[in-house]
Amino acid sequence: MSTSSESGPNSETHSATKPEIIKAVPVRHPGRWVAGAVLLVLVAMAVHTLVFSQTQIPGQRGSRFGWSVVREYLFSSLVVKGAEITLELTVVSMLAGVLLGVLVAVMRLSKSRMISGVAWFYAWIFRGTPVLVQIYFWFFIAALYPHITLGIPFGPSFVTINLNSVLGAFWAATLALSLNEGAYMSEIVRAGIISVDEGQVEAAQSLGMRRGMALRRIVLPQAMRLILPPTGNETISMLKTSSLASVIAVNELTHVANNISAQNYKTIQLLIVASIWYLAMTTVLSIGQYYVERHFARGATRALPPTPLQRLKRNLRYVRPQNHQAAHP
Amino acid sequence: MTTPMVKAEEVYKSFGSLEVLQGINLEVAPGEVTCMIGPSGSGKSTFLRLINHLEKLDAGRLWVDGELVGYREKNHRLYELKDREICAKRSEIAMVFQRFNLFPHLSVLDNVTIGPIKVKRQSANEAKDRAAELLQRVGLSDKIGAYPNQLSGGQQQRVAIARALAMEPKLMLFDEPTSALDPELVGEVLDAMHALADSGMTMVVVTHEMGFAREVGDTVVFMDGGRIVEAGKPRDVLVHPQNERLKNFLSKVL
């Protein structure tokens with residue numbers, strides 16, 4: 001046996017020399033080139049009309065899209081404040097929605113018909129009616145219930161709350177968005193919980209864990225992997241749904257943009273301003289989602305794939321030594 | 001006479017119209033290893049699950065360490081146990097599953113310590129030391145930081161045994177612990193169980209490993225059709241079977 005091929009258990013059965021590496025003529029893809037060329041022309045046309053074409057309004061100068069106006073308003077204090085309120089609406093409604101969703105999902109899975117029935121009814125109502133209607137509803141509910149009284153049912157009361165003063169537009173919108181989100185989240189969480197293998201609960205129970213603890217420590221962490229991607233989806237969706245709050249005059253991004261354009265008639269420009277903010281916020285959220293999902297993937301994949309940052313660093317490391325070698329042949 | 005660790009008297013259990021157990025009578029003495037063999041569907045696993053309160057029995061009486069399983073008897077009436085009481089009893093009985101059921105989101109160490117810390121309220125350090133000791137005992141000291149799916153089936157099952165032992169149980173139940181393993185991995189799990197039996201642990205083992213039953217079992221129980229057909233010393237049951245069904249069964253598995 002030759003000494004050149006001692007690696008590998010089957011080396012005896014193979015011939016001593018490795019055949020030469022295959023160098024074949026690759027398949028040509030003319031269709032791809034044609035499609036690429038067509039797309040390139042379309043992109044060029046889009047860039048041209050967006051950036052370089054001039055306004056058609058008589059007596060005015062500047063680009064057709066009025067980018068100077070966009071630039072002027074993008075970081076104006078009103079718009080920034082509007083973006084802030086949009087973010088607040090989203091974060092508060094999402095947090096409340098997730099908590100509510102977990103609660104309702106657990107109720108749905110309860111053995112008590114009464115409890116699971118109530119949970120089903122809640123999801124039925126709030127998924128079955130438009131969010132816009134719900135926002136109006138909670139905004140005008142104070143007309144039906146000007147005062148809310150806390151106390152013993154049908155008995156004495158302790159505190160009376162003036163709903164008109166408490167439930168302003170912002171909180172009415174938050175309440176509507178939270179309750180609506182809770183209904184959707186409950187289905188997402190429920191799907192996650194029932195996806196966890198029954199053996200996990202049995203193993204937890206045989207350690208003496210109670211149902212609540214098994215749910216918290218064993219089932220939910222594993223359900224998270226399934227719950228998170230749609231929850232990220234919901235958050236991004238919520239960011240945009242929150243614009244519906246403009247109908248009850250919550251000063252969020254869309255409402256602010258509408259207000260400004262009602263005064264200066266730069267409707268498209270302010271819609272672009274609002275869109276840039278929405279896009280920026282959804283981008284940040286998507287990045288956050290990526291890292292949260294990675295965190296909960298522990299144990300589910302043998303080795304976590306590197307993050308884009310880690311990949312970049314590694315690629316840089318590859319580049320450097322090659323350059324080094326090239327410099328000293 | 002000492003209290004038997006497990007005592008079953010005319011235990012019945014059915015799922016819908018399917019009668020899985022039809023009058024089981026059995027006693028397991030403390031420190032004894034009882035191996036339950038029999039064709040699948042004969043009710044072996046269901047019996048184990050009854051002992052651990054994972055199912056409720058329909059008729060008869062079942063005791064673990066002298067205490068009634070699932071109920072409290074007062075003035076000739078049975079009262080169902082509360083969830084809290086059942087959990088307390090379960091924490092004294094350990095169970096090893098056919099499909100391991102390790103917690104995939106927790107490291108090996110956390111799998112072993114979560115019971116002692118969360119259920120028995122041990123301090124984290126104490127639980128960690130004990131876990132390290134148990135993992136060494138099953139030969140997995142080097143896997144302490146790994147996650148379950150980075151381990152082979154045999155290693156996972158040994159972690160499951162360590163997890164069960166960490167609760168310091170008075171009784172251990174094994175539900176076909178080697179049935180989901182590749183043949184070459186069966187040995188390492190049986191070795192760990194053998195060592196456990198030698199240390200005096202009371203064990204009820206549902207198994208298809210006749211070699212293990214013969215060597216380690218103090219009693220071998222053959223079940224078929226929801227009944228115990230034959231029970232006794234391993235060499236009597238496995239070497240000189242009396243019953244035709246047992247003879248038939250053994251001729252197929254040996």
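Me: By class, what makes up the lining of the second largest pocket?

Reply: In this predicted model, that lining has 16 nonpolar, six polar and no charged residues. Nonpolar means Ala, Val, Leu, Ile, Met, Phe, Trp, Tyr, Cys and Pro, charged means Asp, Glu, Lys and Arg, and the others, Gly among them, are polar. Local features need pLDDT of at least 70 and side-chain atom pairs 80 or more, while totals for chains, interfaces and linings use all residues. Residues are numbered from 1 along each chain, chains are lettered from A and ligands numbered from 1 as written, and side-chain values use heavy atoms, without hydrogens or water.

Me: Which element gives the most to the lining of the second largest pocket?

Reply: The answer is α9(A), with nine residues. Helices here are DSSP runs (H or I, at least four residues), as strands are (E, at least two), numbered from the N terminus.

Me: Why is B:His53 called a lining residue of the largest cavity?

Reply: B:His53 lines the largest cavity, so it has an atom within 4 Å of a cavity point. On a 1 Å grid over the protein atoms alone, a cavity is a set of points where a 1.4 Å probe fits but cannot get out, whereas a pocket is an open set with protein on both sides within 12 Å along at least five of seven lines. The cavity lining comprises two nonpolar, one polar and four charged residues.

Me: What volume has the largest pocket?

Reply: The largest pocket has about 1100 Å³, a volume being the space filled by probe spheres set on grid points joined across faces, edges and corners. The largest share of its lining, five residues, comes from α9(A).
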